[in-house]
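These are my notebook entries on a structure that I was asked to look through. I begin with one residue and proceed from there to helix packing and backbone details.

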Amino acid sequence: MPRTALRICPLCEATCGLTLTIEGTTVTGARGDRDDVFSRGFICPKGAAFGGLDADPDRLRTPLVRRDGRLREATWEEAFQAIADAVPALVQAHGPQSVGVVLGNPNVHTMAGQLYPTLLLKALGTRNLFTASTLDQMPKHVSSGLLFGDPFAIPVPDLDRTDFLLLLGANPVESNGSLCTAPDFPGRLKALRARGGTLVVVDPRRTRTAKLADRHLAPRPGSDALLLAALAHTLLTEGLTDPGVLAEHTQGLGELAEALDGFTPEAVAPACDLTAEEIRVLARDLAAAPTAAVYGRIGSCTVEYGTLASWLVDVLNVLTGNLDRPGGALFPLSATDRAPRPAGPGKGFSLGRWHSRVSGHPEAKAELPLSALAEEIDTPGEGRIRALVSIAANPVLSAPDGRRLDAALAGLDFMVSIDPYLNETSRHAHVVLPPAPPSQSAHFDFSFNTFAIRNQVRYSPPAVPLEDGRMDECEIHARLVLAVSGMHGTDPVAVDDLAIGATLARECADPDSPLRGQDPARLAGLLAGGSGPERRLDLMLRLGPYGDRFAAAADLPGSAATETRAGAPDGAADPVPVPAPAAPATSGGGLGLDRLRAHPHGIDLGPLRPRLPGLLKTRSGRIELLPDPIAAELPRLRGTLTDRPAALVLVGRRHLRSNNSWLHNVPALAGGSNRCTLQVHPDDAARLGLTDGHPARITADGGSLEVPVEVTDTVRTGVVSLPHGWGHDRPGTRMSVAAAVPGVNVNQLLDGSRLDPLSGTAVLNGFPVELTPIP
């Protein structure tokens, strides 16, 4: 008899609630959960294909261990023993920097991927961390760190209340949003226009998002920072700035006009390929809107001046007074965030605390550029990476110059991969540890709730019992931590107990915590949950801004907490109650795991609220609007005003039924319009002698590819577009559906030398290419 179960979709950042139909232990269907407090029944094709992904016959069911040069099925004990035999010995012989760690994008879509990597890095003692952030969002982390002192303090557009939304380099109708967790993004954009608001989209392609817009500007790719600088310059020179209450919490306002001198609309117009009047009108409309939000994403991040563009997005929000106010761009307050502390100066944010061995790339947010991984492996010398732990990552396809990285991985002394597939990267591993399917795993969105457009909290227990022979992903991670630290054989619960003990010890020693002076061991004994990860989640919820803070146990006054808001009289802190979970969840105390589990459709915690200056962690305790690294980079941007633009540049794209490379293996998401084609404008096709459906050779820094041409006026002249995540043509993989229509790897066009210097992010958009027809 079929039954249903609830599950949060783990396939993109929208985190929609699903209702699964299950027969026995098989997911046979998925529909939107109409009672979900956040997504309200919305579902996209990826969520509807949940069952196909969950039951994919190509998913690995047992560990693989390399023996005599071949990966063979093994027991879990054999797999972890192989790791325990190899990694500690390598560290002892060559030092902790001989091990690298790679974290992929799907890593942030699982509980395990959020709870354990920090523990793994600490156990290894390595600084060689590489993640998908330097292929995507690191510029926003760096700009937020410099502005606010915290690289995770990223404001999101208040989609449901804004009057004017300016989107740059974002296509949320296809992507469902990024660094802006918003189920039914398309519906929210339509609602914006229906209530009389204005949507402006800046994108060199006429995307599905652009088709919804009141105004679509198609500038030359890579010119986002110039356009944004001209908008800010116009606001400043025409007297259109109105930071309001932000002024008393911001330093650098007076110096900004001088720093942006020269970025006039007339000066930047040729480089952007827009008119000066278009730029001035946009700036004036932005300033005149009752409320407005500027939002930039991957198209404005993965370019040479991605950090400057990300910084200028928030500069515009500050100058117009739209940062940290309803209808503008606000800072979410997740249920597992640290409870607010008194406002005041913090430690600030620094770049370049250490550098990569070969090219000397500075770290950003404790990460090195993923583009540098290959050279860190294949360049001889002391400190060379000899072993690699890859978690939910496929950098052979996602990073520049996959051919070099492919060869480098083959030369490693040892490699561990946590991955459900044998893909282009994991095929090089000496041990592959496959996590159980999503239906058999608990789910909580630690990361995406910190970027959500509405404060809410939801938890999904496993919908299906763990199959015999499978291992829960959290247990895999915990055992990996033990194996690399020389503690193989220890109960994996010890890893979670250690994390809980350390967290409670810090909390009980914090003079600003209501738990100061309490006994950490006694509090640990009060945690709910049937597993180590659940107990850690319960702890984070209790200590969070809506939590009960162990109120009953510590004889403390309930779950009330306060934070400060900008605009209090005479600059004093204005206490604002942190919103408690909506009734009936509040009866009897604050938030914890038991209360959350009693609300399977989630708990609505209310709209986003102003949080400044309380969240600022800069050394000044203020928004530092013109930080030194940004000021030092502006002259380089100014120098591009006289550059001669390339005749043809490339931008990426994604499809609604795709996300990462592994989704190409789900039959329901393959085929149709989800194709690996090179989109070319008709005028460029005629000029270059290209024909729709026929192949062309595209060449750039990293080499050449042959790809079928798709002639379309959805790209502007001088621009071609090729999607990412393809190139499933390497031997030794086990992804049969993807391999049947492999496509080409767009990142092979890059050699890894093009980076945004402040963030180390690869330039994946707006780089020059050449096209020739293939007879």
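Entry 1. I looked up the surroundings of Asp496 in this predicted model. Leaving out residues up to four places away in sequence, I found that Asp496 touches Tyr116, Gly532, Pro533 and Arg536. With Arg536 there is also a polar contact between side chains, at 3.2 Å. I placed Asp496 in helix H20, which covers residues 493–509. Is Asp496 buried or exposed? Its relative accessible area is 3%, so I entered Asp496 as buried.

Entry 2. I then turned to Pro533, one of the residues touched by Asp496. Pro533 belongs to helix H22. I noted it as buried, because its relative accessibility of 11% falls under the 20% cut-off. Setting aside neighbours within four places in sequence, I listed Met111, Leu115, Tyr116, Cys474 and Asp496 as the contacts of Pro533. I also looked up a pair involving Pro96: its C-alpha atom is separated by 27 Å from that of Pro533, and the two residues are 437 residues apart along the chain.

Entry 3. Next I examined how the helices H20 and H22 pack. Helix H22 spans residues 532–543, and its axis comes within 9 Å of the axis of H20, with a crossing angle of roughly 15 degrees. This angle is under 35 degrees, so I recorded H20 as roughly parallel to H22. From H20, the contact draws on Asp496, Asp497, Ala499, Ile500, Thr503, Leu504 and Glu507, and from H22 on Gly532, Pro533, Arg535, Arg536, Leu539 and Leu543. By class, I wrote down six nonpolar, two polar and five charged residues for this contact. The crossing of H20 and H22 is left-handed.

Entry 4. I looked up a second helix pair, H6 and H15. Helix H6 comprises residues 138–148 and helix H15 residues 306–319; their axes come within 8 Å and cross at roughly 50 degrees. How are H6 and H15 oriented to each other? I entered them as oblique, because roughly 50 degrees lies outside the ranges for roughly parallel, roughly perpendicular and roughly antiparallel. The handedness of this crossing is right-handed. On the H6 side I listed Pro139, Lys140, Val142, Ser143, Ser144, Leu147 and Phe148, which meet Gly306, Thr307, Ser310, Trp311, Val313 and Asp314 of H15. The contact of H6 with H15 contains six nonpolar, five polar and two charged residues.

Entry 5. I closed with the backbone. Most residues other than glycine have a negative phi, and most peptide bonds are trans. I therefore noted the following cases separately.

- Thr15 is not a glycine, and its phi is positive, near 55 degrees. I found Thr15 in the loop between strand S1 (3–8) and strand S2 (17–23). Its relative accessibility is 1%, so Thr15 counts as buried.
- Asp401, likewise not a glycine, has a positive phi of about 55 degrees. I located Asp401 in the loop between helix H17 (395–398) and helix H18 (402–410). With a relative accessible area of 16%, Asp401 is buried.
- Leu612 and Pro613 are joined by a cis peptide bond, with omega about 5 degrees. Pro613 is in the loop between strand S21 (603–607) and strand S22 (623–624).

Key. Residues are numbered from 1 along each chain as its sequence is written. This is a predicted model: local features need pLDDT of at least 70, side-chain atom pairs count only at pLDDT 80 or more; totals for chains, interfaces and linings use all residues. Side-chain values use heavy atoms; hydrogens and water are left out. Helices (H or I, at least four residues) and strands (E, at least two) are DSSP runs, numbered from the N terminus. Buried means under 20% relative accessible area, exposed over 50%, partly exposed in between (1.4 Å probe, protein chains only). A polar contact is a pair of N or O atoms within 3.5 Å; within protein, one must be able to donate a hydrogen and the other to accept it, and residues adjacent in sequence count only if both atoms are side-chain atoms. Contact means heavy atoms within 4.5 Å. Axes are lines fitted to C-alpha atoms, for helices over the stretch in contact, and angles run from 0 to 180 degrees between N-to-C directions. Angles under 35 degrees count as roughly parallel, over 145 as roughly antiparallel, 65 to 115 as roughly perpendicular and the rest as oblique. A crossing is left-handed if the near helix is turned anticlockwise from the far one by less than a right angle, and right-handed if clockwise. Ala, Val, Leu, Ile, Met, Phe, Trp, Tyr, Cys and Pro count as nonpolar, Asp, Glu, Lys and Arg as charged, and the others, Gly among them, as polar.
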